[in-house]
Amino acid sequence: TSQIREGKCKFKPITIRESGIFSPVVVTNIDLPLTQKLSDSKIDKELIMLGFSLNKFQSLNQIKTIDEIYKTLKSYELLKELNAEIPAQILQNTQNIHKTLSELNNFKKPISIDSLREFNELSILKGTAGSNEYPSKFKEYIRAHEKEELIINNKIQDYLRIINKFGIKQVDYIPCVKVINSLIGFIKGINNFWEKDEANQQKNPPHFELFWKNLTNEIIFNNPIDRDNQSFSAYSYPFETEGMLFEFKSEMICEWLYENKLIPSRISPQSTQEFLLTLNPKDEPIIFQHIFNLLHTFSHMLIKRIHLFTGMSIESCGEKIFVNGCSIFLYSNNNLNIGALQYLFENSMFSSAGIFENLKQEIKDCSFDPLCMSEKGACFSCLYIPEFVCCNFNMGLDRNIFVGNGLRGIIKPFWSIQ
């Protein structure tokens with residue numbers, strides 16, 4: 001409530017029109033699956049997911065998921081209770097797990113709650129949190145769905161060419177993920193708020209409002225409610241859908257930050273993931289915002305082109321940005337999963353005439369240049385999508401990140417980093 005009153009709420013529309021008043025505000029989250037076995041144990045699930053994200057468990061033999069970590073530790077405890085002989089592999093893995101968890105415990109402490117929540121959702125998408133559907137790596141997917149070796153090799157070569165060209169680490173297809181859309185409030189206020197009412201009082205400007213209890217009495221009968229002591233409601237709708245996860249190269253993003261003088265020194269390639277994971281928007285708001293703008297702009301570039309290859313309208317798409325994980329999740333908002341993104345992933349995403357074709361050239365031009373580039377670097381002609389599709393009301397977009405003409409502090413464009 002205090003943040004809303006002070007104007008610090010992040011749910012602010014970029015433009016207010018007649019239809020913008022009382023427009024709903026929806027947030028999207030990835031459903032975290034229930035892991036009863038882990039909930040009943042003393043294992044810190046977040047520590048294990050951190051370990052997988054930072055590749056701390058690479059020394060373990062035949063362990064790739066959280067469930068396998070759990071089974072290893074449980075097997076060790078059971079054998080120890082029975083005074084049975086413990087196989088060397090289980091013993092060695094258990095010792096390495098406890099040693100790694102002890103190191104990660106100190107690493108986790110400075111990470112903010114928002115970063116951990118984002119990290120948990122990203123772990124679900126990557127399949128490290130024990131989700132039902134594991135993401136499909138492109139190479140594995142193509143080898144499983146194509147028979148001719150020549151086609152397999154050509155598609156893999158196109159994939160490697162594209163991800164290297166655009167600074168992407170990998171692209172995964174998630175065939176089934178549960179997404180929760182929650183209606184948490186709406187935009188309330190008066191369009192001509194700069195004018196004064198009959199009592200010479202300033203009118204209420206457009207702002208974000210929660211669904212407070214008895215809010216209708218305030219809206220209709222002007223009976224004020226106590227927002228400090230009042231409860232509010234949220235209306236959630238879970239649904240299963242498909243999506244694609246784009247993970248950018250963390251070392252390339254950190255190098256881009258350094259080249260544009262946003263961080264004082266270079267970060268070693270081995271430490272870039274840890275640096276970004278512990279990045280706090282409250283402590284480093286400028287760095288955090290630049291990374292968000294980069295990922296968000298790229299997300300809109302793809303969404304604006306998806307309908308050309310799938311038949312899906314822009315309104316049928318959704319996006320979620322993971323700043324600390326340098327990732328973008330694009331998904332379908334359709335209740336009926338028709339496999340449009342699966343077809344795109346398999347056939348048109350990385351081909352020579354696919355969605356990335358001429359992407360670098362198109363981002364340089366807008367029909368409203370030079371005005372568009374000089375003001376914000378984004379407008380309804382080049383990057384804007386419907387506000388109910390965008391995760392941030394079409395804010396945090398800037399073509400200059402990929403063009404680099406010196407505006408808004410961007411000297412060196414992202415794609416010039418090697």
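Helices and strands here are DSSP runs, numbered from the N terminus. The model is predicted.

**Exercise 1. Locate Gly396 and decide whether it is buried or exposed.**

Step 1. Find the loop. Gly396 sits between helix H15 (371–375) and helix H16 (400–403).

Step 2. Apply the cut-off. Buried means under 20% relative accessible area. Gly396 has 16%, so it is buried.

Step 3. List what touches Gly396. Leaving out residues up to four places away in sequence, the partners are Gln289, Phe292, Asn293, His296 and Thr297.

Step 4. Check a distance. Leu294 is 102 residues away along the chain, yet its C-alpha atom is 8.4 Å from that of Gly396.

**Exercise 2. Work out how many residues, helices and strands the chain has.**

Step 1. Count the elements. The chain has 16 helices and eight strands.

Step 2. Take the burial total. Of the 418 residues, 48% are buried.

Step 3. Look at contacts between residues at least 6 apart in sequence. Of these, 70% join residues at least 24 apart.

Step 4. Turn to the surface. The accessible surface is about 21800 Å², and carbon and sulfur atoms account for 51% of it.

**Exercise 3. Test the length of helix H8 and find which of its residues are buried.**

Step 1. Predict the span. H8 covers residues 149–165, which is 17 residues. At 1.5 Å a residue, the helix should span 24 Å.

Step 2. Compare. The end C-alpha atoms are 24 Å apart, which agrees.

Step 3. Name the buried residues. They are Ile152, Lys155, Ile156, Tyr159, Ile162 and Ile163.

Step 4. Explain the pattern. These residues cover an arc of only 130° around the axis, so they lie on the same side of H8. An α-helix has 3.6 residues a turn, so residues three or four places apart point the same way.

Step 5. Look at the other face. Turned away from the buried side are the exposed residues Leu150 and Gln157.

Step 6. Find the cover. Helix H7 (138–145), strand E3 (168–188) and helix H13 (340–348) are among the elements over the buried residues of H8.

Step 7. Look just past the helix. Gly167 takes a positive phi of about 75°.

**Exercise 4. Decide why helix H10 counts as largely enclosed.**

Step 1. Count. H10 runs over residues 250–259, and seven of its 10 residues are buried, so the rest of the structure largely encloses it.

Step 2. Name them. The buried residues are Ser250, Met252, Ile253, Cys254, Glu255, Trp256 and Leu257.

Step 3. Find the cover. It includes strand E6 (235–248), helix H11 (272–277), H12 and H16.

Step 4. Read on past the end. Lys261 follows H10 and has a positive phi, near 60°.

**Exercise 5. Find which residues touch the most other members of the largest nonpolar core.**

Step 1. Read the core. It has 71 residues, and Phe246, Phe248, Phe298, Phe356 and Phe414 touch the most other members.

Step 2. Find the main contributor. Helix H12 (residues 285–310) gives the most to this core, 12 residues.

Step 3. Follow Phe414. Leaving aside neighbours within four places in sequence, its contacts include Phe166, Phe248, Met252, Trp256 and Leu294.

Step 4. Look for another core. A second, separate one has 20 residues, including Ile97, Leu104, Phe119 and Leu277.

Step 5. Recall a general tendency. In soluble globular proteins, nonpolar side chains tend to be buried together.

**Exercise 6. Identify which backbone oxygens the side chains of Asn324 and Ser327 reach.**

Step 1. Place Asn324. The loop between strand E7 (317–322) and strand E8 (327–332) holds it. At 6% relative accessibility, Asn324 is buried.

Step 2. Find its polar partners. A polar atom of the Asn324 side chain lies 2.8 Å from the backbone oxygen of Leu276. The Asn324 side chain also reaches the backbone oxygen of Leu279 at 2.9 Å.

Step 3. Place Ser327. It lies in strand E8, and it is buried at 0%.

Step 4. Find its partner. The Ser327 side chain reaches the backbone oxygen of Gly325 at 2.8 Å.

**Exercise 7. Find where the chain has a cis peptide bond.**

Step 1. Name the bond. The peptide bond from Asp369 to Pro370 is cis, with omega near 5°.

Step 2. Place Pro370. It is in the loop between helix H14 (359–362) and H15.

Conventions:
Residues are numbered from 1 along each chain as its sequence is written. This is a predicted model: local features need pLDDT of at least 70, side-chain atom pairs count only at pLDDT 80 or more; totals for chains, interfaces and linings use all residues. Side-chain values use heavy atoms; hydrogens and water are left out. Helices (H or I, at least four residues) and strands (E, at least two) are DSSP runs, numbered from the N terminus. The expected span of a helix is 1.5 Å times one less than its number of residues. Buried means under 20% relative accessible area, exposed over 50%, partly exposed in between (1.4 Å probe, protein chains only). The arc is that of the directions from the helix axis to the C-beta atoms. Contact means heavy atoms within 4.5 Å. A nonpolar core is a set of buried Ala, Val, Leu, Ile, Met, Phe, Trp, Tyr and Cys residues joined through side-chain atoms within 4.5 Å. Accessible areas come from the Shrake-Rupley method with a 1.4 Å probe; for residues, only the protein chains shown count as cover. A polar contact is a pair of N or O atoms within 3.5 Å; within protein, one must be able to donate a hydrogen and the other to accept it, and residues adjacent in sequence count only if both atoms are side-chain atoms.
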